[in-house]
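Trainee: Could you walk me through reading this model, one feature at a time?

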Amino acid sequence: MTSDNDFDDTHVDASFTTIDTHTAGEPTRILLDGLDRSTLDGESVRAKRESFAEEYDWVRKLLMKEPRGHDDMFGAVIVEPNEDTADADLGVFFMDNKGYLDMCGHGTIGVVSALIEHGHLSAEPTIRVETPAGVVEATPQYAEGGVERVTIQNVTSFVYDATTVPVSFLDSPLRVDIVYAGNFFALVDSEQLGVSVDTTRTDEFVDWGLEIQAAVNDELDIVHPFSGEPDSVSITEIYESSDDADRSIVIFGGGQVDRSPCGTGTCAKMTLLYESGRLAVDEPYIHESVIGTRFEGRIIETKEREGITLTVPTITGTARITGKHTFIKDHRDSITSLSIT
Ligand code: PYC
């Protein structure tokens with residue numbers, strides 16, 4: 001036996017420590033220790049993420065899914081940034097119940113807040129974070145000896161395309177805007193569905209969101225215009241416009257629902273509004289989640305590249321630490337992760 005603060009590690013195969021946060025209601029489980037990062041191949045965070053996905057996907061499943069996680073868990077893995085090219089303070093990649101995302105706004109707010117508050121990152125005015133989508137810049141606002149809010153300047157974003165797709169739940173084809181904001185989004189106006197965005201029909205929204213994503217990916221061969229890499233829509237955002245604050249439900253992964261207004265989703269929505277002349281540079285934008293939490297956003301600049309209008313979007317939100325955990329894998333336990341859906 002051991003003391004209260006220690007494990008009897010006789011049966012422990014592996015152990016992982018995390019700091020957990022939520023940003024506007026959405027969790028981020030941040031993997032700090034337990035992973036031998038020297039075994040991850042590649043210099044860039046994107047390459048390290050690919051290496052993790054090959055070698056350690058079981059760690060993602062262990063931390064994200066039951067019995068240690070749940071179907072709506074979200075995670076971040078801290079790694080060294082690319083020393084040669086990134087000029088970044090840290091590297092982060094993101095994971096969910098199904099796989100990996102290139103960029104995450106709520107997750108970056110959570111990581112920066114937690115690492116500063118726990119002394120893993122010094123409290124600088126700005127922090128550069130290398131993600132698989134590129135380097136994003138975090139600007140924390142400090143209060144009461146901690147981090148009150150964080151503003152993330154996302155990667156440059158753009159409207160990619162618009163299409164109509166047949167869907168089982170509507171008689172007529174559905175119009176979908178495709179926007180890149182670190183991830184490719186399918187954006188849908190809820191007016192077409194004749195429903196309000198709220199939590200009374202979450203299951204339906206999840207089914208619709210996954211069907212819309214699949215339909216768009218069947219319809220379009222998405223290629224990132226600057227990297228030339230094939231890509232796909234990984235997130236559906238169904239939004240309801242309002243004079244007070246637009247409200248969205250965001251569906252991603254294997255059918256999880258973002259409790260926050262979705263950082264990259266807020267950037268995608270602002271980029272769509274800018275493109276159609278409904279949001280000006282520097283105009284504040286309030287985006288509400290399906291549970292009523294909010295991010296503030298702003299497009300701070302626009303640029304042109306190869307005939308494409310790029311926005312430089314920022315989002316601001318608050319994350320709070322919910323716990324610190326040590327998760328173990330007992331070698332007698334045949335269940336590393338499970339899902340019944
Ligand atoms: O905040 O960007 C975001 C995000 C993506 C998926 C869940 N949250």
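Mentor: Let's start at P67, which sits in the loop between helix 2 and strand 3 (75-79); helices (H or I, at least four residues) and strands (E, at least two) are DSSP runs, numbered from the N terminus. Bear in mind that this is a predicted model, where local features need pLDDT of at least 70 and side-chain atom pairs count only at pLDDT 80 or more, while totals for chains, interfaces and linings use all residues. Residues are numbered from 1 along each chain as its sequence is written, and side-chain values use heavy atoms, leaving out hydrogens and water.

Trainee: What kind of peptide bond joins E66 and P67?

Mentor: As a rule, most peptide bonds are trans, and most residues other than glycine have a negative phi. The bond between E66 and P67 is cis, with omega at about 5 degrees.

Trainee: You brought up phi too. Which residue that is not a glycine has a positive phi of about 70 degrees?

Mentor: That's C262. You'll find C262 in the loop between strand 14 (256-257) and helix 5. With 5% relative accessibility, C262 counts as buried, a word for residues under 20% relative accessible area; exposed means over 50% and partly exposed in between (1.4 Å probe, protein chains only). E306 also has a positive phi, near 50 degrees, and is likewise a residue other than glycine.

Trainee: Is E306 buried or exposed?

Mentor: Exposed, at 61% relative accessibility. E306 lies in the loop between strand 16 (294-305) and strand 17 (308-317).

Trainee: Back to helix 2, then. Why is helix 2 said to be largely enclosed by the rest of the structure?

Mentor: Count its buried residues: six of the eight in helix 2 (residues 57-64) are buried, so the rest of the structure largely encloses this helix. The six are D57, V59, R60, L62, L63 and M64.

Trainee: How many residues apart in sequence are G75 and L63?

Mentor: Twelve, and their C-alpha atoms are 7.8 Å apart in space. G75 belongs to strand 3 and is buried at 0% relative accessibility. A wider jump in numbering comes with Q141 and T318: they are 177 residues apart in sequence, yet 9.7 Å apart from C-alpha to C-alpha. Q141 is part of strand 7 (residues 134-143) and is partly exposed, with a relative accessible area of 38%.

Trainee: Now the ligand. Which residues is the ligand surrounded by?

Mentor: The idea is a distance test: a residue is near a molecule if one of its heavy atoms lies within 4 Å of it. By that test the ligand has L101, C104, G105, H106, I235, F252, D258, C262, G263 and T264 around it. Notice our positive-phi residue C262 in that list.

Trainee: What lies 2.7 Å from a nitrogen atom of the ligand?

Mentor: A polar side-chain atom of D258. That's a polar contact, meaning a pair of N or O atoms within 3.5 Å; within protein, one must be able to donate a hydrogen and the other to accept it, and residues adjacent in sequence count only if both atoms are side-chain atoms. Backbone atoms join in as well: a backbone N or O atom of G105 is 2.8 Å from an oxygen atom of the ligand, and a backbone N or O atom of G263 is 2.7 Å from an oxygen atom of the ligand. The protein covers 100% of the 250 Å² of accessible area that the ligand has on its own.

Trainee: Which elements give two or more residues to the shell around the ligand?

Mentor: Helix 3 (105-117) and helix 5 (263-275). T264, for instance, is in helix 5 and counts as buried at 2% relative accessibility. The side chain of T264 also makes a polar contact of 3.4 Å with that of N183.

Trainee: Where does T236 lie?

Mentor: In strand 12 (residues 233-240), where T236 is buried, its relative accessible area being 0%. Its side chain reaches the backbone oxygen of G209 at 2.8 Å. Compare S227, in the loop between helix 4 (202-219) and strand 12: S227 is partly exposed at 46% relative accessibility, and its side chain reaches the backbone nitrogen of E229 at 3.1 Å.

Notes: Areas by Shrake-Rupley, 256 points an atom, 1.4 Å probe, with all protein chains shown as cover.
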